Amino acid sequence: MWKRRWPEVLIGLLLVLVGCYREETPPVRPLEVQVAAAADLRYAFETLRARFEATHPNIRLKISYGSSGQFFTQLRNGAPFDLYFSADADYPRRLIAEGLAVDSSFFLYAVGQLVVWVPADSPLELASWDELAGPAVRRLALANPRHAPYGRAAVAALRALGLYERVQDRLVLGENVVQAAQFAASGAADAGIIALSLALAPDMQRRGRHRLLPPDVYPPIEQGAVVLRRTAARPEVWALWRFVQQPEGRAVLRRYGFFIPDSTAQPTERPWTGPPPG
């Protein structure tokens, strides 16, 4: 009896095992885009990140913020970034000249603005720029002009206003403009010359007040972006490249005080056709 039925029993066991075993499809890992972004973009890009990822659920942005000059050096040494948003348009252009970035990907995404920021309880009224050289300002924070575009612009503004020699020994230099803002907000400095985009951040608005520096006292802070050549064949990289240039991305930048130049390149649907001849 048993010998006659054992094939049926065996088949039944196999069916049970097959029914219990369900091959689970592993979750699809989102594509990751590595972004090197100028420090002044910290708050704007966190807003932009949320909007981009909401409309591109299969892509995740990994954004590093810092000095544009330091990123430039890292990229020349092979740092693994896909997109570079610099606060100085000259750095991306130099990467293109060295064959490290895609020529056709360059665009001016914004022009930055400088402000003088002081804590809410500061005695400074900001009615006159000469107040920066007065006794109420023992330390004045700005980004290091050696590698930070906002630092170079701040020094140019101080020179144009006839203040640089009077405040030179009071300067406290941050590695980037975000650190300069932190010095001013924490009390490590009595005032700071920082990016308008940082002064408009909710926390900075709660903690202090600011006044725009006249744009004619410092060179335009033209900010440029490029796609790095080594990752130029990846569609997800170009998706972010396009998004920043489209109305929603530009609106975020305007919200944080950036001027959007008329010459900003319009995104195309043809992301990459291979390296140029030669």
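Trainee: Happy to start with the overview: how many helices and strands does the secondary structure of the protein come to?

Mentor: Keep in mind that we are looking at a predicted model. Its secondary structure comes to 11 helices and 10 strands.

Trainee: What share of the residues in the protein is buried?

Mentor: The protein has 278 residues. Those that count as buried make up 50%.

Trainee: And among contacts between residues at least 6 apart in sequence, what share joins residues at least 24 apart?

Mentor: Good one to ask while you have the sequence open. Contacts between residues at least 6 apart in sequence are the pool here. Of that pool, the share joining residues at least 24 apart is 75%.

Trainee: Let's turn to helix α10. Why is α10 described as largely enclosed by the rest of the structure?

Mentor: Helix α10 covers residues 235–245, which is 11 residues. Among its buried residues are Glu-236, Trp-238, Trp-241 and Arg-242. The helix is largely enclosed because the number of its 11 residues that are buried is 10.

Trainee: Which element gives the most to the largest nonpolar core, and which core members touch the most others?

Mentor: The largest nonpolar core has 81 residues. Helix α10 gives the most to this core, with 7 residues. The members that touch the most other members are Phe-45, Phe-85, Tyr-109 and Ile-194.

Trainee: Where does this core lie with respect to the domains?

Mentor: Domain 1 takes in 31–111 + 221–256, and domain 2 takes in 114–212. Both give residues to the core, so its place is between domain 1 and domain 2.

Trainee: Which residues does Ile-194 touch, not counting residues up to four places away in sequence?

Mentor: Setting aside residues up to four places away in sequence, you can find them by number along the chain. They are Gln-113, Leu-114, Val-115, Trp-117, Val-177, Ala-180, Ala-181, Ala-199 and Met-204.

Trainee: How many residues are in the second, separate core?

Mentor: Look for Tyr-84, Tyr-91, Phe-106 and Leu-228, which this second core includes. Its residue count is 16.

Trainee: Back to the helices: is α10 parallel or oblique to α11?

Mentor: Helix α11 spans residues 247–255, and its axis comes within 4 Å of the axis of α10. The two axes cross at roughly 60 degrees. That angle makes α10, relative to α11, oblique.

Trainee: How do the residues of that contact divide into nonpolar, polar and charged?

Mentor: From α10, the contact uses Phe-243, Val-244 and Gln-245. From α11 come Pro-247, Glu-248, Gly-249, Arg-250 and Leu-253. Sorted by type, the residues of this contact are 4 nonpolar, 2 polar and 2 charged.

Trainee: Val-244 is part of that contact. Is Val-244 buried or exposed?

Mentor: Val-244 sits in helix α10. Leaving aside neighbours within four places in sequence, Val-244 is in contact with Leu-48, Phe-85, Phe-107, Tyr-109, Gly-249, Arg-250 and Leu-253. Its C-alpha atom is separated by 8.1 Å from that of Leu-48, although the two are 196 residues apart along the chain. With a relative accessibility of 1%, Val-244 counts as buried.

Trainee: Now the loop between β5 and β6, where Asp-121 lies. Is Asp-121 buried or exposed?

Mentor: This loop runs between β5 (114–119) and β6 (140–143). The C-alpha atoms of Asp-121 and Arg-209 are separated by 9.4 Å, with their positions 88 residues apart along the chain. Since its relative accessibility is 70%, Asp-121 counts as exposed.

Trainee: Leu-126 is in the loop between β5 and β6 as well. What is the phi of Leu-126?

Mentor: At 9% relative accessibility, Leu-126 counts as buried. Leu-126 is not a glycine, and yet its phi is positive, at about 60 degrees.

Trainee: One more loop residue: which residues is Ala-79 in contact with, leaving aside its neighbours within four places in sequence?

Mentor: Ala-79 has its place in the loop between α3 (68–76) and β3 (83–86). It counts as buried, at 14% relative accessibility. Leaving aside neighbours within four places in sequence, the contacts of Ala-79 are Gln-74 and Arg-230.

Definitions and conventions
Residues numbered from 1 in each chain as written. Predicted model: local features only at pLDDT ≥ 70, side-chain atom pairs only at ≥ 80, totals over all residues. Heavy atoms only, no water. Buried < 20%, exposed > 50% of the residue type's maximum accessible area, 1.4 Å probe, protein only. Helix = DSSP H or I, 4+ residues; strand = E, 2+ residues; numbered from the N terminus. Core = buried A, V, L, I, M, F, W, Y, C linked by side-chain atoms within 4.5 Å. Domains from an automatic or database assignment. Contact = heavy atoms within 4.5 Å. Axes fitted to C-alpha atoms, helices over the stretch in contact; angles between N-to-C directions. Parallel < 35°, antiparallel > 145°, perpendicular 65-115°, else oblique. Nonpolar A, V, L, I, M, F, W, Y, C, P; charged D, E, K, R; others polar.
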